[in-house]
Amino acid sequence: MEAFFKTHQYLLENVNAPVRRGLMDEVNWDGRLIGIKGSRGVGKTTFLLQYAKEHFEPSDRACLYINLNHFYFTNKSLADFAREFTIRGGKVLLIDQVFKYPNWSKELRYCYSNFKDLKIIFSGSSVMRLKEENPDLYGLAHSYNLRGFSFREFINLQTGKNFPPYSLEQIIGQHQEIAHSICKQIDPMHYMDDYLHHGFYPFFLEKRNFSENLLKTMNMMLEVDVLAIKQIEQSYLPKLRKLLYLMAISTPGNPNISQLSTDIEISRATVMNYLKYLKDARLINMLYPKDEEFPKKPALIYMQNPNLLYSVRSSKVDAQALRETFFYNQVHKDYKVNEGSKGAQFLVDSKYNFKIEDSSETKNIQDIYYAIDGLKEGRDNYIPLWLFGFLY
């Protein structure tokens, strides 16, 4: 265990967390069993270490970070480790990559039931379904989703500012005042192209080729997160990869399930299941009409965030696809997004129709809100598209 304490101290002393994630203030840290889910590459490890750094000194042995990918846990049970940690006075155990450990949910349940003074905060893949697939933890674990950087977080990182998030209602009702106050300090349009290309995933800060790193990360999502967690045979990986590519080059598109079934040589039902797995892995988004959801066929499929469009598509990325993908990605963290009506692309929370445009010269329909690309400050129901990046 001494080796783990030394690693923990080293990591806390050297963790690079240039932006404090908004999720840090959304989590109820009073819970004894807290799950932080997220897709590969969004910074779950850094988030755990950032929590430790905010609440404990690096040398404080009441808190310990461990990674269950460590070979040590091939011969040592998590429950035995947790018992020894509590005997030594441990209070908070931070567990990374929990899904790499066999029977992890049962052992977390055991730790929760038997070590009453121990708080466990664990990270896992977005593909994990805590409620549906892990009844051991039902009602015990409080799960939260860590996303990539919002446009607001990206701007704060690039400028050193500390712009706060706004609710959708604030943006709709006060967008002129909010946009004006932000634009007095910075020009948000100066950062938009960079964010769309590489700003969602924190690893753009690393001194490596971002596109190659993202492609590697996407393949790891498929090979490890989807195949391993969903227990799919390795031989089906090429079919998953082909499905993702076909979605990427046609996004946003209405999927022809029968044609996809023929192209990939799998059944229609398997196509739908694979689309769900890609959504759970945070690689695509599926847009449904109001009051419809999986397992029905989605109306449209989008890539989960704009960065993915650049990595998968070899040709020039369509500007309108980028606009709509950005809006969908930023809004659907906290709001229900469905297919819009009256020519609008999106219906948000069953009451706000949004049309994504590249110009404020479009014909104004009063019961539609317009998210306008390239607009710094709006008026009436014309709202700058960039401002929806300040929702979280």
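Strands β8 and β9 are a good place to begin in this predicted model: β8 pairs with β9 (residues 346-348) in the antiparallel sense, over three bridges. If you look for N338, you will find that its bridge partner in β9 is L347. L347 also stands opposite N353 in β10, which takes us on to the next pair of strands.

β9 and β10 run antiparallel as well, joined by three bridges. Together they form a hairpin with three residues between them. In that turn sits D349, whose phi is positive, at about 50°. From β10 we can step across to β11, and here the pairing is parallel, over four bridges. One place to see this is I356, whose bridge partner in β11 is A371.

Now we can step back and view the sheet as a whole. It is an open sheet of five strands in the order β8-β9-β10-β11-β12, and its pairing is mixed. β8 (337-339) and β12 (382-384) stand at the edges with a single partner strand each, so one side of each has no neighbour in the sheet. On average, neighbouring strands of this sheet are turned by 35° against each other, direction ignored.

How many residues of β10 are buried? Six of the six are, so this strand is largely enclosed by the rest of the structure. In a regular strand, side chains alternate between the two faces of the sheet. In β10, Y352, F354 and I356 point one way, while N353, K355 and E357 point the other way, and all of them are buried.

Two helices are worth finding next. Helix α7 (residues 168-183) lies across β9, β10 (352-357), β11 (369-372) and β12, and runs at about 80° to β12. Helix α14 (residues 319-331) lies across β8, β9, β10 and β11, running at about 145° to β10.

Our last stop is a single residue, E107, in helix α4 (residues 104-114). Which side chain of opposite charge is nearest to this buried residue? It is R83, 8.3 Å away, and E107 has no salt bridge. For such a bridge, a side-chain nitrogen of Lys or Arg would have to lie within 4 Å of a carboxyl oxygen of Asp or Glu. The side chain of E107 does reach the backbone nitrogen of A79, at 2.8 Å. Leaving aside residues up to four places away in sequence, E107 touches S77, L78, A79 and Y101.

Technical notes:
Residues numbered from 1 in each chain as written. Predicted model: local features only at pLDDT ≥ 70, side-chain atom pairs only at ≥ 80, totals over all residues. Heavy atoms only, no water. Helix = DSSP H or I, 4+ residues; strand = E, 2+ residues; numbered from the N terminus. Buried < 20%, exposed > 50% of the residue type's maximum accessible area, 1.4 Å probe, protein only. Lys, Arg positive; Asp, Glu negative; His and termini not counted. Polar contact = N/O pair within 3.5 Å; in protein donor to acceptor, adjacent residues only side chain to side chain. Contact = heavy atoms within 4.5 Å. Pairing = 2+ DSSP bridges. Axes fitted to C-alpha atoms, helices over the stretch in contact; angles between N-to-C directions.
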